[in-house]
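Hello,

Here is the structure I promised to pass on to you. Have a look at it first, and then read on for what turned up in it.

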Amino acid sequence: MRTRPIGSLNASVVGLGCNNFGRRLDLAGTKNVLDAAIEAGVTFLDTADLYGGTDSERFMGEALKGRRDQVVIATKFGHPANTDAPKGARPEDVRAALDASLARLQTDHVDLYQLHFPDADVPIADTLGALAEAVREGKVREIGCSNFSAAQLQEAEDATAQGAPRFVSVQNEYSLLKRTAEREVLPACERLGVAFLPYFPLLSGILTGKYRRGRPLPEGTRVTGNARWEAMLTDGVLDLVEELTDFAEARGRELIDLAFAYLLAHRPVASVIAGATSPAQVRRNAQAGGWELSATEFAEVRALLDAAGVLLD
Ligand code: NAP
């Protein structure tokens, strides 16, 4: 498994999104997926304080007992919808949320601590100050943000005190079918030397090859039966899925390989944090991280995507 830097951290290029833990998966299911991930070299784990109603972190803490040092843990605080924990970015929110996450994760430090959403009510310098204190205390290795625009990234950079910890990563939505990040945020990452972590990289499974034109929807998946996700399975999207599948298959690969390879072809992308509901999925995703697109292949995929005109915003 290749790794890429996120500040001083080394992240496996295929990461594991942990928002199924405590929601779709119980403790035993979580442990099975984490076992398979570590075995396959998928060691960058992304969670948040509110995933699974806080059970994601709790189950991870249980499942990782005795092998904390084998993984890089990224978690988040400050989601505005959080009901069980602090939901803002005030310094007191940062401190309370961090101590609660450390307790649930049964660890003395978080590797990458991310602000889940910008908080318009709190000057970013105040949040950065509290995060710097957490780094000084050894509770956090690196700090990052999520759902930030290019302007907000720049604002945070400008507000960082000389020599103080800065955001080393931004986590925003990005996939073959949702490419808004390519307009401003990825160029800002290049300019500022910030790592990019794409969320919903598989568009909740739509880019895994199991949703195909004219075939019945698979049973028991996140998309099937969920109005929001099923609404994305338009004719245009399903046509593009066929085109991308043909592109991958002509090169001896599958759509899911292309979903990872295309994102990783962008230099700032450090780890593709795909979620998984089974050990087999995580093993398959680890394998997908092995395809490095040539410059010609990359240009061809881009041309195909640009021509499709059905990209979701
Ligand atoms: P995703 O990675 O786009 O899709 C994951 C889903 O696709 C899995 O739960 C599984 O669902 C299916 N899948 C995965 N691998 C597969 C395989 N090999 N074969 C077939 N199906 C497969 O979506 P996500 O997990 O929601 O997003 C990734 C991570 O991003 C999250 O876990 C979370 O850490 C992060 N995230 C962050 C934010 C933010 O605001 N910062 C927002 C959303 C997510 P089924 O088995 O049900 O089909």
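Helices in what follows are DSSP runs of H or I with at least four residues, strands are runs of E with at least two, and both are numbered from the N terminus. Please keep in mind that this is a predicted model.

With that naming in place, let me begin with the largest pocket. Which element gives the largest share of its lining? That is H10, with 4 residues. The pocket has a volume of about 830 Å³. Its lining counts 40 residues, and those closest to the centre are Asn-19, Arg-23, Phe-200, Ser-204 and Arg-222. Two or more lining residues come from each of helix H7 (227–230), E10 and helix H10 (279–288). By class, the lining splits into 14 nonpolar, 18 polar and 8 charged residues.

Phe-200 deserves a second glance. This residue sits in the loop between E9 and H7, and its phi is near 50°, a positive value in a residue other than glycine. Most residues other than glycine have a negative phi. Gln-106 also has a positive phi, of about 55°, and is not a glycine either. You will find Gln-106 in the loop that runs between helix H3 (91–105) and strand E6 (110–115). Is Gln-106 buried, partly exposed or exposed? Its relative accessibility is 40%, so Gln-106 counts as partly exposed.

Now to the sheet. It is an open one of 8 strands with parallel pairing, and the order is E9-E8-E7-E6-E5-E4-E3-E10. Strand E9 (195–199) and strand E10 (272–275) are the edges: each has a single partner strand, so one side of each lacks a neighbour in the sheet. On average, neighbouring strands are turned by 30° against each other, direction ignored.

Two of the pairings can be followed residue by residue. Strand E7 (residues 140–146) and strand E8 (residues 167–173) run parallel and are joined by 4 bridges; there, Ser-146 has Gln-171 in E8 as its bridge partner. On the way to the edge, E8 and E9 pair in the parallel sense over 5 bridges, with Ser-169 standing opposite Ala-195 in E9.

Is the edge strand E9 covered or open to the outside? E9 is mostly covered, as 5 of its 5 residues are buried. In a regular strand the side chains alternate between the two faces of the sheet. In E9, Ala-195, Leu-197 and Tyr-199 point one way, while Phe-196 and Pro-198 point the other way, and all are buried.

Helix H9 (residues 255–264) is another element to look at: 10 of its 10 residues are buried, so the helix is largely enclosed by the rest of the structure. The buried set includes Asp-257 as well as Leu-255, Ile-256 and Phe-260.

Two smaller spaces are also worth a look. The second largest pocket holds about 190 Å³ of space. It is lined by 15 residues, and Gly-193, Val-194, Ala-195, Arg-267 and Pro-268 are the closest to its centre. Strand E1 (3–6) and helix H6 (185–192) each give two or more residues to this lining, and the largest share, 3 residues, comes from E1. Here the classes are 9 nonpolar, 2 polar and 4 charged.

How many cavities of 30 Å³ or more does a search of the whole structure find? The search finds 1, with about 50 Å³ of space in it. Among the residues that line this cavity are Leu-128, Glu-157, Arg-166, Phe-167 and Val-194. Helix H5 (residues 150–159) supplies the largest share of the lining, 3 residues. Overall the cavity lining has 6 nonpolar, 1 polar and 2 charged residues.

Last, the cysteines. The structure holds 0 disulfides. For Cys-18, the closest cysteine sulfur is that of Cys-145 at 19 Å, which is too far for a bond. Cys-189 is in no disulfide either, and its nearest cysteine sulfur, again in Cys-145, is 8.2 Å away. Cys-18 is buried at 0% relative accessibility, and Cys-189 is buried too, with a relative accessible area of 1%.

Best wishes

Conventions: Residues are numbered from 1 along each chain as its sequence is written. This is a predicted model: local features need pLDDT of at least 70, side-chain atom pairs count only at pLDDT 80 or more; totals for chains, interfaces and linings use all residues. Side-chain values use heavy atoms; hydrogens and water are left out. Two strands pair if DSSP finds at least two bridges between them. Axes are lines fitted to C-alpha atoms, for helices over the stretch in contact, and angles run from 0 to 180 degrees between N-to-C directions. A disulfide is a pair of cysteine sulfur atoms within 2.5 Å. Buried means under 20% relative accessible area, exposed over 50%, partly exposed in between (1.4 Å probe, protein chains only). On a 1 Å grid over the protein atoms alone, a cavity is a set of points where a 1.4 Å probe fits but cannot get out, and a pocket is an open set with protein on both sides within 12 Å along at least five of seven lines; lining residues have an atom within 4 Å of a point. Grid points are joined across faces, edges and corners, and a volume is the space filled by probe spheres set on the points. Ala, Val, Leu, Ile, Met, Phe, Trp, Tyr, Cys and Pro count as nonpolar, Asp, Glu, Lys and Arg as charged, and the others, Gly among them, as polar.
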